[in-house]
Amino acid sequence: MGEEQPSVYNSPAKIYGEEKDVQNRFAALNDAFTKKYGHPPLFYARAPGRVNIIGEHIDYCGYAVFPMALEQDIVYAVSTNNNGKYKMANTNSNFGDYETDVKSFEITGHQWYDYVLCGHKATIDEAKIDVPVGMNTLVDGTVPKSAGLSSSSALVCCSALTTMYANKKNLSKLTLADASQRCEAYVGTEGGGMDQAISFLAEAGTAKLIEFKPLRATDVRLPDGANFVIANSLREMTKSENAGEYYNKRVSECRIAAQILSNKAGIEWRKTRRLLDTQNAMNKSLDEMVQLVEKTFHKEPYTREEVCKELNITDEELIKECLNPTTASSKEFKLYHRAKHVYSEAARVWKFKQICEENPPDSLKALGELMNASQESCAKDYECSCDELDELTTICRESGALGSRLTGAGWGGCTVSLVTSEVIESFIEKVKSRYFECNEKRREKVKEALFATKPGSGAAIILI
């Protein structure tokens, strides 16, 4: 799975169906591109956003996750040029135009075009392109920004695919996913690869169990009657901004927890980077690892001095072996709670898959309970929820969801709720009334912030 190249279609209908809205979207994109560059695009590239049904903040620890691609996506309209320039524009007026040399460029921050350049660099490096072709691009997105639905990674993946096709190279889905994940580090994110994997490997109508090193994806059929509704808390939080305090801080805490567990077990801790490494070396089950965490770590945060004492290292070695540039100055680390979340959440992913495959009576109820347990762990142990997400997941459960949890990095963004077919319409109306209608700013955005979705297809090229 994934060794084949991304699909090339001769019509958007192959992906989206014959909906009038889709036809209007591509017609408008064609017109805007032609107005911008004086000629129509040669091709389109698209990459979907994703919703992670369960398995939060565990991919970078080595563990399998359970996402599905959204129908919402990022689309690039593209033509080539002969002047060696990469010209970028966006249909969203909040994102200004940018132009740079197609070969010699810098990725300097968290602007939208930096993510484009990440994907561009991924393909240049992977395909060893010495002289990339110049490109004119216009980007259009329907994935809500900073909502935990992977709009930034979809931007990176779409860019990588664009550069591949424009330069007439052939890279597999797996190769593109791996390269995109590595290059996203240039914007300061130590991601685990889930977002890029599902963006390239997704297939319409099915969720995926995504495993890592080696990267592989397994189709998982959801029980009949399972529907997923996305609700955006409308609190924005990007995983690259304040990474040292939030996202990357958790990565470092998990790494330190794994290294201390390995050290206490007599395992070479300097070779340990992930909590999975420790589990594999100890040959224990996930439930046993949770018990080991309970016995090993105190619940209060560990100071830098305590970590150095546990590993018998200097502060300089701590920075080199355990931290990253954005967390080098961190003063304390919550090891007990972070490791407990990762091991218990990894177990919930496999239980979720097992229930889907066995489909016992009340399977939807059991899946919902796992999602609720995930939310509690994210909120209390990983501390990646927020007041708005806590409020919204509570409202969703009280409105008829069998399970509701945050999805994505957290600290804002979206929830995903499991809802049966029978109550989906009433569920949406109740959530709209209780969370969105009571607040003017939320009310203005409810149409794009609350929607049911189906598993969408993966990244592809579209020729018109």
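Mentor: Helices (H or I, at least four residues) and strands (E, at least two) are DSSP runs, numbered from the N terminus. Before we dig in, this is a predicted model, where local features need pLDDT of at least 70 and side-chain atom pairs count only at pLDDT 80 or more, while totals for chains, interfaces and linings use all residues. Residues are numbered from 1 along each chain as its sequence is written, and side-chain values use heavy atoms, leaving out hydrogens and water.

Trainee: Okay, so where does alanine 202 sit?

Mentor: Alanine 202 is in the loop between helix 6 (194–201) and strand 7 (207–211).

Trainee: And why is alanine 202 called buried?

Mentor: Buried means under 20% relative accessible area, exposed over 50%, and partly exposed in between (1.4 Å probe, protein chains only). Alanine 202 has 5% relative accessibility, so it counts as buried.

Trainee: Which residues does alanine 202 touch?

Mentor: Contact means heavy atoms within 4.5 Å. Leaving aside residues up to four places away in sequence, alanine 202 touches Ala69, Ala197, Lys208, Gly456, Ser457 and Gly458. Proline 455 is 253 residues away along the chain, yet its C-alpha atom is 8.1 Å from that of alanine 202.

Trainee: What share of the contacts with a separation of 6 or more joins residues 24 or more positions apart?

Mentor: In this protein that share is 75%.

Trainee: Zooming out, how many helices and strands are there?

Mentor: The protein has 17 helices and 15 strands.

Trainee: What makes the protein as compact as a globular protein of that length?

Mentor: Take the radius of gyration over C-alpha atoms and set it against the globule rule, 2.2 Å times the number of residues to the power 0.38. The protein's value is 22 Å and the rule gives 23 Å for 464 residues; the two are close, so the protein is as compact as a globular one of that length. Its C-alpha atoms fill a box of roughly 65 × 55 × 40 Å along the principal axes, and 59% of the 464 residues count as buried.

Trainee: Which residues touch the most other members of the largest nonpolar core?

Mentor: A nonpolar core is a set of buried Ala, Val, Leu, Ile, Met, Phe, Trp, Tyr and Cys residues joined through side-chain atoms within 4.5 Å. In the largest, with 122 residues, they are Tyr63, Phe66, Tyr76, Leu275 and Phe352. Helix 12 (residues 335–358) gives this core its largest share, eleven residues. Another core lies apart from it, with 16 residues, including Ile395 and Tyr435.

Trainee: What does phenylalanine 352 touch?

Mentor: Not counting residues up to four places away in sequence, phenylalanine 352 touches Ile53, Ile54, Phe66, Leu222, Leu367, Leu370 and Met371.

Trainee: How do you know whether lysine 128 is buried or exposed?

Mentor: Lysine 128 is at 65% relative accessibility, so it counts as exposed. Its phi is near 55°, a positive value in a residue other than glycine, and it sits in the loop between helix 3 (112–127) and strand 6 (134–141).

Trainee: And histidine 57, buried or exposed?

Mentor: Histidine 57 has a relative accessible area of 4%, so it is buried. Histidine 57 also has a positive phi, near 60°, and lies in the loop between strand 2 (43–54) and strand 3 (66–81).

Trainee: What about arginine 25 in helix 2 (residues 20–37): why is it called buried?

Mentor: Arginine 25 has a relative accessible area of 18%, so it goes in as buried. Among the residues it touches are Tyr16, Asp73 and Asp140.
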